[in-house]
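Biologist: I should like a close look at one part of this model, together with the elements that surround it. Please treat it as a single connected account.

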Amino acid sequence: MRFIFILLVMVISNQSIAQSPAQTEACIALLRQVLREQEEWVKVHAAEYLLWAGYPEGVKAEFVKEAKRLGTKPQYRVGIWRVLFQCTENESERLVWLNKIKEAFLDENGPDRIHAAETLAKLRISMLTESPAITNRTLQSNAQALALYTIWSTAFDSAKQMEAVKIELVKNLTPLSGSDGAKKSISAYVLRQLGGLDERYWELVAGAALQEAETSPARVNLLSTAWLTAVNPGNAKLPPIKSALLKYATAATKGERSEMALALAAKGNADDLPVLLEMFENKYPLGDPAADYDVRAAAAYAILKITQRAR
């Protein structure tokens, strides 16, 4: 009994620490440090976390410098444009960055198409009406990621198309689909972004998540999507889904750890703060400093979002 009491005190203490003003400041400070000191996509992630958490100070100035320094580097330049589009208030200036992203997508022989397609989808912009021929060819592309991200973007054309996209993506997750790990992973990720699954489709996603092999690279995306899009909070599948998801706090890759942290950023509560605090403090390092900073940044963002929801 004494052990249980001590354990409970430790959990409450960790929750209090994670929600304290000092921890909030520490999270913001870490994100700004990563923004200044880390490179490329780790820098992009920190910038977006700061923007999404409501702390935009310094982001635009850093990425204006980044555009001058690395604005011609294929693929990464799309990340630069994406951040600048999000942190710029002037509409004419925003159009400059958006048009660069569109041009990268429309260049069918260019090196940036996958990143541009994903970025347009994240910005909820479809090119189907503006450039139907290129978009339709892209939807049939043999480049799986490019086709899937383009399908995602077309969901914003109409309510009917949104439903059609969700149906197609759910089918990609079913056992009979024959989808490989990459296809399932992207399909689940896109469904998480779209949200709004009805009970029937959610049951298919949840079932796929619970059946996915523990060694599958798609499993964390399936679990996070199932947890985040749940229609009925009392569904019996949810506790094992969340329990399995939380185990990714010490996964072998930064992508898996970050995906788990971002799921908690979207829906986590005070009970989840101790595991995020361990990630923030790098208790279980991956051994690659850049990867560790990427994970710590995701944990910092999640702590900030949970703390904001608790106010």
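By how many residues is the largest pocket lined, and which of them lie nearest its centre?

Modeller: The model is a predicted one, in which local features require pLDDT of at least 70 and side-chain atom pairs pLDDT 80 or more, while totals for chains, interfaces and linings use all residues. Residues are numbered from 1 along each chain as its sequence is written, and side-chain values rest on heavy atoms, without hydrogens or water.

The lining of the largest pocket comprises 35 residues, and those nearest its centre are His45, Glu118, Lys122, Tyr189 and Leu262. A pocket is here an open set of points on a 1 Å grid over the protein atoms alone where a 1.4 Å probe fits, with protein on both sides within 12 Å along at least five of seven lines; lining residues have an atom within 4 Å of a point. The volume of the largest pocket is about 1200 Å³, taken as the space filled by probe spheres set on the points. By residue class, the lining holds 17 nonpolar, eight polar and ten charged residues; Asp, Glu, Lys and Arg count as charged, and Tyr is among the nonpolar ones.

At least two lining residues come from each of α3 (40–53), α5 (76–87), α7 (113–122), α9 (144–154), α11, α13 (219–228), α15 (254–267) and α17 (289–310). Helices are DSSP runs (H or I, at least four residues) numbered from the N terminus. The greatest contribution is that of α15, with seven residues.

Among these contributors, α11 (181–194) can be described in some detail. From its first C-alpha to its last, the 14 residues of α11 reach 20 Å, close to the 20 Å expected at 1.5 Å a residue; the expected span is 1.5 Å times one less than the number of residues. Ten of the 14 residues of α11 are buried, so this helix is largely enclosed by the rest of the structure. Buried means under 20% relative accessible area, exposed over 50%, and partly exposed in between, for a 1.4 Å probe and protein chains only. The buried set of α11 consists of Lys184, Ser185, Ile186, Ser187, Ala188, Tyr189, Val190, Leu191, Arg192 and Leu194. These buried residues pack against α7, α9, α10, α12 (199–211), α13 and α15, where contact means heavy atoms within 4.5 Å.

Both ends of α11 show local features. At its start, a side-chain oxygen of Asp180 comes to within 3.3 Å of the backbone nitrogen of Ala182. Just after the helix, Gly195 adopts a positive phi of about 65°. In the loop that joins α10 (159–173) to α11 one finds Pro175, which counts as exposed because its relative accessibility is 67%.

Lys184, one of the buried residues of α11, is also touched by Glu212, a residue of the loop between α12 and α13. Leaving aside residues up to four places away in sequence, Glu212 touches Ala218, Arg219 and Leu222 as well. With 12% relative accessibility, Glu212 counts as buried. Its side chain makes a polar contact of 2.6 Å with the side chain of Ser216; such a contact is a pair of N or O atoms within 3.5 Å, one able to donate a hydrogen and the other to accept it, and sequence neighbours count only if both atoms are side-chain atoms.

Two further contributors to the lining, α3 and α5, each offer a buried valine. Val42 lies in α3 and is buried at 7% relative accessible area. Beyond residues up to four places away in sequence, Val42 touches Val34, Lys254, Ala290 and Asp294. Glu40, also placed in α3, has a phi near 50°, a positive value in a residue other than glycine. Val78 belongs to α5 and counts as buried at 0% relative accessibility. With the same sequence exclusion, Val78 touches Asp112, His115, Ala116 and Thr119. The C-alpha atoms of Val78 and Arg113 are 9.3 Å apart, with their positions 35 residues apart along the chain.

Finally, the loop between α16 (273–280) and α17 contains Asn282. Asn282 has a positive phi of about 60° although it is not a glycine, and it counts as partly exposed at 25% relative accessibility. By contrast, six of the eight residues of α16 are buried, so that helix is largely enclosed by the rest of the structure.
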